[in-house]
Each structure stands twice: as structure tokens, then as C-alpha cells.
Amino acid sequence: MSSFGKALGKIFRKDKEEDKEPYLNHPIIYLKALPLKKLSDVEIIKREVKAGNILIVKVTPLVERSIEEVEKAVDELCEFAESIGGDIARLGEERIVICPSGVKIWRESPKNSVGG
């Protein structure tokens with residue numbers, strides 16, 4: 001086995017000592033990727049975020065069906081994120097990320113950006 005393989009084995013071993021004793025008493029937060037295929041998927045997304053999960057939502061499937069429904073879905077998700085104290089941001093042209101309360105998305109200010 002290569003040294004790289006051994007290092008990965010140590011990193012991903014299931015019986016690590018740290019795993020036997022919880023060092024943080026926080027619930028597990030999942031990062032999930034979901035497609036937005038229809039407007040009713042907004043309720044699934046809200047439920048996941050309310051459960052404390054962070055979602056990366058691909059909007060392309062709904063864009064192909066209806067731009068108006070995408071706008072409505074994104075508006076609803078923005079209002080939802082604000083109402084629960086969460087956060088929402090665009091990730092490129094095809095995705096948005098939605099975070100529960102207590103998780104904020106870092107945004108670089110324009111004056112600190114490259115060339116600005």
C-alpha cells in the first residue's frame with residue numbers, strides 16, 4: 001500500500017479515538033444537493049433547512065420548464081431564509097445555497113475583491 005493510501009486509511013478509519021468520544025455536543029448537520037424540478041419541491045427544501053441541513057439546490061431543471069416558477073421559488077426561499085434567520089446565496093448560474101439559522105454565507109466585499 002502506498003504512503004498516500006496509508007494516510008487516507010488513517011483519515012477515514014471508522015474506529016478513530018476522536019470518534020469514540022464526542023468532542024462537540026452539536027447535532028449532525030448535513031450538506032445536501034437537491035434539484036429543483038417543480039415548484040412543490042420548495043416545501044421539501046424548506047423542511048430540510050428547518051431540520052438544520054445546508055442545501056445546494058440546482059435550479060436548472062425548473063429553468064428548463066418555467067422561468068416564472070424559478071423566480072417564484074427563489075423569492076419564496078429568500079423570504080423563508082430571512083424568516084428563520086438563515087442565509088441564501090447564488091452559486092454560479094445553476095445553483096443556490098440555503099443555510100439554516102446559525103450558519104452564514106461569507107461574502108467578499110467589493111473593495112476586497114481582486115481588481116477592485
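**Close-up views of a predicted model**

**Figure 1. A salt bridge joins Arg107 and Asp87 in this predicted model.** The closest N and O atoms of Arg107 and Asp87 are 3.0 Å apart. Arg107 belongs to the segment after β4 and Asp87 to strand β3, so this pair ties together parts that lie 20 residues apart in sequence. The two partners can also be described by their accessibility: Arg107 is partly exposed, at a relative accessible area of 46%, whereas Asp87 is buried, at 13%.

**Figure 2. Glu94 and Lys58 form a salt bridge.** Here the closest N and O atoms are 3.9 Å apart. Glu94 sits in the loop between β3 (87–91) and β4 (95–99), and Lys58 in strand β2 (residues 54–58), so the contact ties together parts separated by 36 residues in sequence. Glu94 has a relative accessibility of 35% and counts as partly exposed. Lys58 is partly exposed as well, with a relative accessible area of 32%.

**Figure 3. The side chains of Glu93 and Arg90 meet in a salt bridge.** The N to O distance for Glu93 and Arg90 is 2.8 Å. Both residues of this pair, Glu93 and Arg90, are exposed. Elsewhere, Glu43, Lys46 and Glu76 are joined into one network by salt bridges that share partners. A search of the whole structure finds eight salt bridges. Side chains of opposite charge can pair when their charged atoms come close.

**Figure 4. A patch of negative charge on the surface brings together Glu68, Glu71, Asp75, Glu79 and Glu82.** One of its members, Asp75, lies in helix α5, which spans residues 67–84. Asp75 has a relative accessible area of 47% and is partly exposed. Patch members must have over 30% relative accessible area and no salt bridge, so the value of 47% places Asp75 above the accessibility cut-off.

**Figure 5. Cys78 and Cys99 have unlike surroundings with respect to accessibility: Cys78 is partly exposed, whereas Cys99 is buried.** The relative accessibility of Cys78 is 34%. For Cys99 the relative accessible area is 4%. A disulfide is a covalent bond between the sulfur atoms of two cysteines. With a cut-off of 2.5 Å between cysteine sulfur atoms, the count of disulfides in the model comes to zero.

**Figure 6. Ala33 and Ile56 are 4.6 Å apart in space, C-alpha to C-alpha.** In sequence, Ala33 and Ile56 are separated by 23 residues. Ala33 is found in strand β1, made of residues 31–35. Ala33 is exposed, with a relative accessible area of 65%.

**Figure 7. The chain holds five helices and four strands.** Along the sequence, these elements follow the pattern α-α-β-α-β-α-α-β-β. The chain has 116 residues, and buried residues make up 26% of them. Asp87 in Figure 1 and Cys99 in Figure 5 are among the buried residues, at 13% and 4% relative accessibility.

Notes. Residues numbered from 1 in each chain as written. Predicted model: local features only at pLDDT ≥ 70, side-chain atom pairs only at ≥ 80, totals over all residues. Heavy atoms only, no water. Buried < 20%, exposed > 50% of the residue type's maximum accessible area, 1.4 Å probe, protein only. Patch = residues over 30% accessible without salt bridge, like charges linked within 9 Å, V, L, I, M, F, W, Y side chains within 5 Å. Areas by Shrake-Rupley, 256 points an atom, 1.4 Å probe, with all protein chains shown as cover. Salt bridge = Lys/Arg side-chain N within 4 Å of Asp/Glu carboxyl O. Lys, Arg positive; Asp, Glu negative; His and termini not counted. Charge placed at Lys NZ, Arg CZ, Asp CG, Glu CD. Helix = DSSP H or I, 4+ residues; strand = E, 2+ residues; numbered from the N terminus.
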